[in-house]
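Here are some exercises to try with a structure open beside you. Try each task yourself before you read its solution.

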Amino acid sequence: MILKKYTIGIDFGTLSGRCLLADVETGEEIATSVLEYRHRVMSETLPDGTRLGVDWHLQHPGDYLDVLRITIRDVIKQAEIRPEQVIGIGIDTTGCTILPIKKDGTPLCFLERWKGSPNAYVKLWKHHAAQPYADKMTETALARNEKFIQRYGGKISSEWMFPKIWQVLDESPEIYEDTDAFLEVTDWIVMQLTGKLIRNSCAAGAKACWHKKDGYPSSDYFKALDPRLEHVIEEKIWGPVQSIGTRAGVLKKTSAELTGIPEGTPVAVGHFDAHGATVGAKVTGPGRMLIMMGTSSCHELMCTEEKMVPGICGYVEDGIVPGYFGYEAGQSCVGDHFAWLTENFLSASYEKAANEQGIHIYEYLNKLAAKKKVGETGLLALDWWNGNRSVLVDGSLSGMMLGFTLNTRIEDMYRTLIEATAFGTRKIIETFVEYEIPVDEIIVAGGIAQKNPFMMQIYADVTGRPIRIAGSRQNAALSSCIWGALAAGKEAGGYDSVDEAAERMGNLQDKTYFPNVENKKEYDRLYREYELVHDYFGRGQNDVMKRLKKRMNQCIQETEEK
């Protein structure tokens with residue numbers, strides 16, 4: 001009897017870890033297990049009550065180990081298969097999400113002496129407290145005419161690795177000194193499984209300024225930032241960089257005991273959720289943009305050539321699919337906009353009406369908002385509630401909505417926030433196209449895409465491009481299953497070709513949203529207004545947002561010090 005073969009993909013998100021068991025031959029999703037992190041996102045205090053500052057967003061690495069320990073055994077039990085039928089494991093996480101570790105992989109926050117120290121914990125992707133360090137990195141790189149800065153649109157983001165490391169050095173030099181390595185969480189999890197410290201190419205290139213040919217920025221550059229950073233690469237960023245789509249190693253004995261999967265099972269090189277997720281939606285080449293849409297959005301695009309595009313998050317050779325330059329852009333706040341709105345402004349009458357109709361509140365808001373014509377709300381918003389990732393690359397910006405009247409309703413605000421995120425995506429697309437990287441079609445992955453056809457139609461109308469939807473509701477985890485099959489290789493029952501693996505195991509819906517011609521004309525007019533406001537507040541004509549945010553942070557700091 002020939003037993004079926006499966007792979008496991010684990011998607012470590014912002015709030016939970018999702019484990020998926022997939023059939024290697026067909027991509028069928030056999031079983032899923034989701035575990036919410038016990039510590040969630042720590043934005044106010046550490047577990048011991050230590051207060052955190054403004055724009056701090058931390059996580060606890062113990063939560064990731066819980067996911068490995070619980071969810072893998074759960075999917076095996078649900079599927080009623082033998083553990084040895086699993087031929088490969090793939091891992092993806094958010095990014096840039098980093099932690100300081102000892103040489104054996106022990107996180108510093110696991111050590112008793114550092115449990116009350118914020119800088120010893122995982123700094124989540126949306127940790128923006130390192131913005132001053134990012135600004136200084138950008139300023140110094142431009143002044144020195146550093147070549148690498150042009151690969152990142154001319155700006156370093158506070159979300160990236162080195163601003164966060166510099167913050168640790170500046171605020172907690174003793175923690176920096178005790179740290180043997182700073183590591184992306186995706187690489188740390190792979191290290192826990194295999195015992196090997198391998199840095200994946202998409203994280204190193206997209207968030208740590210690494211280049212396949214040139215390596216990391218020079219020691220002279222780091223010395224110019226801070227003399228203590230001169231040897232940061234050899235001292236804290238050691239370890240080989242390996243391409244996404246390859247094998248990092250195999251499951252070690254202790255991890256086999258932790259997960260219930262046999263020792264020696266191949267483990268893929270880790271990757272970021274958005275970068276590696278193209279394969280789950282059958283996107284393996286140029287011209288097709290994948291948008292991973294959730295609390296935030298990441299825009300992934302490939303090209304055969306190396307092109308420097310202002311304001312994008314960067315590009316990495318072999319960073320999305322081996323053989324291509326993978327380009328990334330993004331929006332720091334999408335689903336978070338809608339959650340913020342419904343959590344803070346929704347009246348009881350709306351919830352009552354949705355309950356009476358037996359539908360979710362977002363479905364109810366969609367019905368109300370869809371009755372409006374383009375521009376009928378009289379509102380316009382900037383989608384910067386959590387800063388701007390692309391194309392301004394500025395975490396110190398904030399959100400804005402103008403045009404309020406006494407007739408403004410929550411459905412008007414809701415529709416306007418959807419339009420704002422669509423305008424932000426159009427700005428990203430037009431920037432890519434201006435620099436000769438084509439975007440012919442858009443594929444959107446994530447729960448929002450599948451649950452919200454109203455929103456997807458607005459995206460098609462605003463961008464003027466057809467929109468298709470990834471078929472899997474857990475596209476990131478499915479993609480990790482595909483990378484796990486590639487780590488196993490054809491000889492073990494997996495795949496040697498990315499194209500074949502994606503075609504056999506990927507999932508893309510047949511439905512396509514085409515732009516409505518009349519709506520597109522009206523959105524073109526509204527987009528021109530968006531551009532005016534975008535540049536006025538975002539490109540230095542009026543820095544009122546930054547001044548207001550600075551004063552807000554001062555007040556919070558003064559209150560905490562009392």
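The exercises below go through a predicted model, each with a worked solution.

**Exercise 1. Find the two annotated domains and describe how much helix and strand each holds.**

Step 1. Start with the record. UniProt, in an unreviewed entry, lists "domain: Carbohydrate kinase FGGY N-terminal" for residues 6-280. It gives "domain: Carbohydrate kinase FGGY C-terminal", also from an unreviewed entry, for residues 290-487.

Step 2. Now look at the model. Over residues 6-280 the chain is 31% helix and 20% strand, with 15 Å between the end C-alpha atoms. For residues 290-487 the figures are 42% helix and 20% strand, and the end C-alpha atoms lie 23 Å apart.

**Exercise 2. Is strand S1 enclosed or open, and which strands pair with it?**

Step 1. Check burial, which here means under 20% relative accessible area. Seven of the seven residues of S1 (residues 6-12) are buried, so the strand is largely enclosed by the rest of the structure.

Step 2. Sort the side chains by direction. In a regular strand, side chains alternate between the two faces of the sheet. In S1, Tyr-6, Ile-8, Ile-10 and Phe-12 point one way, while Thr-7, Gly-9 and Asp-11 point the other way.

Step 3. Look for partners. Strand S5 (residues 86-93) pairs with S1 in the parallel sense over seven bridges, and Thr-7 stands opposite Gly-88 there. Strand S2 (residues 16-23) runs antiparallel to S1, and seven bridges join the two. Across that pairing, Ile-10 stands opposite Cys-19.

Step 4. Follow the chain from S1 to S2: a hairpin of three residues makes the link.

**Exercise 3. Trace the order of the seven-strand sheet and find its edges.**

Step 1. Write down the order. The strands run S16-S17-S15-S14-S20-S21-S22 in an open sheet with mixed pairing.

Step 2. Find the edges. Strand S16 (314-317) and strand S22 (508-513) each have a single partner strand, so one side of each is left without a neighbour in the sheet. From one strand to the next, the twist averages 25°.

Step 3. Zoom in on one pairing. Strand S15 (residues 297-303) and strand S17 (residues 325-331) run antiparallel and share seven bridges. His-299 has Ala-329 in S17 as its bridge partner.

Step 4. Add the helices. H13 lies across strand S14 (287-293), S15, S17 and strand S20 (439-445), at about 150° to S17. H15 lies across S14, S17, S20, strand S21 (467-470) and S22, at about 140° to S21.

**Exercise 4. Work out how H13 and H18 are placed relative to each other.**

Step 1. Take the axes. Those of H13 and helix H18 (residues 517-538) come within 10 Å and cross at roughly 80°.

Step 2. Classify the angle. Values of 65 to 115 degrees count as roughly perpendicular, and H13 and H18 are therefore roughly perpendicular to each other.

Step 3. See what meets there. On the H13 side the residues include Arg-415, Phe-423 and Glu-430, and on the H18 side they include Lys-520, Tyr-527 and His-534.

Step 4. Look at another packed helix. H12 (residues 361-369) has buried residues, among them Ile-361, Tyr-364 and Leu-368. H13 (410-434) is part of what covers the buried residues of H12, and so are elements including helix H10 (335-345) and helix H15 (453-463).

**Exercise 5. Which peptide bonds are cis, and which residues have positive phi?**

Step 1. Go to the cis bonds. One joins Gly-95 and Cys-96, with omega about 5°, and Cys-96 sits in the loop between S5 and strand S6 (98-101). Another runs from Ser-390 to Val-391, with omega near 10°. Val-391 belongs to the loop between strand S18 (380-382) and strand S19 (400-402).

Step 2. Turn to phi. Cys-209 has a phi near 60°, positive although the residue is not glycine. Lys-282 also has a positive phi, near 60°.

Step 3. Compare their surroundings. Cys-209, in the loop between helix H6 (201-207) and helix H7 (219-225), counts as buried because its relative accessibility is 2%. Lys-282, in the loop between strand S13 (271-272) and S14, is partly exposed at 25% relative accessible area.

**Exercise 6. How many disulfides does the structure hold?**

Step 1. Search the whole structure: zero disulfides are found.

Step 2. Check one cysteine. For Cys-202, the nearest cysteine sulfur is that of Cys-298, 11 Å away, whereas a disulfide needs the sulfur atoms within 2.5 Å.

Step 3. Note the burial. Cys-202 is buried at 0% relative accessibility, while Cys-555 is partly exposed at 30%.

Technical notes: Residues are numbered from 1 along each chain as its sequence is written. This is a predicted model: local features need pLDDT of at least 70, side-chain atom pairs count only at pLDDT 80 or more; totals for chains, interfaces and linings use all residues. Side-chain values use heavy atoms; hydrogens and water are left out. UniProt positions are given in the numbering used here, feature names are shortened, and annotations may be inferred rather than shown by experiment. Helices (H or I, at least four residues) and strands (E, at least two) are DSSP runs, numbered from the N terminus. Buried means under 20% relative accessible area, exposed over 50%, partly exposed in between (1.4 Å probe, protein chains only). Two strands pair if DSSP finds at least two bridges between them. Contact means heavy atoms within 4.5 Å. Axes are lines fitted to C-alpha atoms, for helices over the stretch in contact, and angles run from 0 to 180 degrees between N-to-C directions. Angles under 35 degrees count as roughly parallel, over 145 as roughly antiparallel, 65 to 115 as roughly perpendicular and the rest as oblique.
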